[in-house]
Amino acid sequence: MKLFKEKKYWLLLLLIPVVWVSIIFTPGIIGFAIYSIYMLTAVFLGLRLFLRVKRSLMEKVVLIPMTAVASATIAIIPLLPAVLGMIIYHDTYPEKGENVPTHKLRDFPVRNATYSFGYSNQVMEFDLSEEEFRELAATRFSQPLQEITKTITVWTIDYSTMMYVNNGLYSEYRQKNGGGYLLVFDREKQRGYYRCSAR
């Protein structure tokens, strides 16, 4: 197909590693802008080549899906590995904080927070009152709160210490793939624990 004989298309393919790096390591808006320019250029070249083809209207109509698929393929090629790389990067170097005076959990304000937020796993410990915890659970989480009737075990963020919560509340959601979340409140310590996993 003439689309892949265009030197400009091969130049786009050679630029794929640059696009990968820009998406993974640059701030969100900049990486998105670079990829958008790349994608629009691929689509533009495909449209330009399509309009230059000297064929009948019916033949051009047949070529439309072929040209669209080819252009979309070149435009999407950098995105999939970049997304995978971004996931690996954020899991390897998660956002961390220790004893942060004020922070937010799903846009809800909490205090004295220690956390580690990667793509696949999110963990946070924080201070708040029971009233605040009930509001957090009711407005930011899908499952209703339940009283703790059996001891719930919660690891510290660095997995160095195991804690036991006997008196408090919890909300839990489990997916079929093993992911989900666990939100726990310890009445004695007036402290909340949050664990979330994509799988």
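The legends below describe close-up views of a predicted model.

**View 1. The whole protein, with 6 helices and 9 strands.**
The chain has 199 residues, and buried residues make up 39% of them. Among contacts in the protein with a separation of 6 or more, 50% are between residues 24 or more positions apart. The accessible surface comes to about 12,500 Å², and carbon and sulfur atoms hold 63% of that area.

**View 2. The open sheet of 7 strands.**
The strands follow the order β1-β2-β3-β9-β8-β7-β4, and their pairing is antiparallel. At the edges stand β1 and β4 (146–147), each of which pairs on one side only. In general, the strands of a sheet pair through backbone hydrogen bonds, in either a parallel or an antiparallel sense. The next two views follow part of this sheet from strand to strand.

**View 3. Strands β1 and β2 and the loop between them.**
Strands β1 and β2 pair in the antiparallel sense over 8 bridges. One of the residues involved is Thr102, whose bridge partner in β2 is Arg111. Arg106 lies in the loop between the two strands, and Asp107 is found in that loop as well. Most residues other than glycine have a negative phi. Arg106 has a positive phi, near 55 degrees, and is not a glycine. Asp107, also not a glycine, has a positive phi of about 70 degrees. How accessible are Arg106 and Asp107? Arg106 counts as partly exposed because its relative accessibility is 35%, which falls between the limits of 20% for buried and 50% for exposed. Asp107 is exposed, with a relative accessible area of 58%.

**View 4. Strand β3 between its partners β2 and β9.**
On one side, β3 is joined to β2 by 5 bridges, and the two strands run antiparallel. They form a hairpin with 3 residues between them. Within this pair, Thr114 has Glu125 of β3 as its bridge partner. On the other side, 7 bridges join β3 to β9 (residues 191–197), again in the antiparallel sense. Here Gln122 stands opposite Cys196 of β9.

**View 5. The surroundings of Leu105 in strand β1.**
Is Leu105 buried or exposed? Leu105 counts as buried because its relative accessibility is 1%, and the limit for buried is under 20%. Beyond residues up to four places away in sequence, Leu105 touches Val110, Phe117, Met124, Phe126, Leu136, Phe141, Leu183 and Tyr194. Of these contacts, Met124 is 19 residues from Leu105 in sequence, and the two C-alpha atoms are 8.2 Å apart in space. Another of the touching residues, Leu136, is among the buried residues of helix α6, the subject of the next view.

**View 6. Helix α6 and the strands that cover its buried residues.**
Helix α6 spans residues 130–140, and Phe133, Leu136 and Ala137 are buried in it. Seen down the helix axis, these buried residues fall within an arc of 90 degrees, so they line one face of α6. Which residues does the face turned away from the buried side carry? That face carries the exposed residues Glu131 and Ala138. What covers the buried residues includes β1 (95–105), β2 (108–117), β3 (121–127), β7 (168–174) and β8 (180–186). These five strands also appear in the order of the sheet in View 2.

**View 7. The hairpin of β5 and β6.**
Strands β5 and β6 pair in the antiparallel sense over 4 bridges. Ile152 stands opposite Val165 of β6. The hairpin has 6 residues between its strands, and Tyr159 in the turn has a positive phi of about 60 degrees. Strand β5 (residues 152–155) has two faces: Ile152 and Val154 are on the covered one, while Thr153 and Trp155 are on the uncovered one.

**View 8. A nonpolar surface patch of about 450 Å².**
Which residues make this patch? The patch is made by Trp155, Tyr159, Met162 and Tyr164. Trp155 belongs to the uncovered face of β5, and Tyr159 sits in the turn of the hairpin. Tyr164 lies in strand β6, which spans residues 162–165.

Methods: Residues are numbered from 1 along each chain as its sequence is written. This is a predicted model: local features need pLDDT of at least 70, side-chain atom pairs count only at pLDDT 80 or more; totals for chains, interfaces and linings use all residues. Side-chain values use heavy atoms; hydrogens and water are left out. Buried means under 20% relative accessible area, exposed over 50%, partly exposed in between (1.4 Å probe, protein chains only). The arc is that of the directions from the helix axis to the C-beta atoms. Contact means heavy atoms within 4.5 Å. Accessible areas come from the Shrake-Rupley method with a 1.4 Å probe; for residues, only the protein chains shown count as cover. Patches are made of residues with over 30% relative accessible area and no salt bridge: like charges are joined within 9 Å, nonpolar side chains (Val, Leu, Ile, Met, Phe, Trp, Tyr) within 5 Å. A salt bridge is a side-chain nitrogen of Lys or Arg within 4 Å of a carboxyl oxygen of Asp or Glu. Two strands pair if DSSP finds at least two bridges between them.
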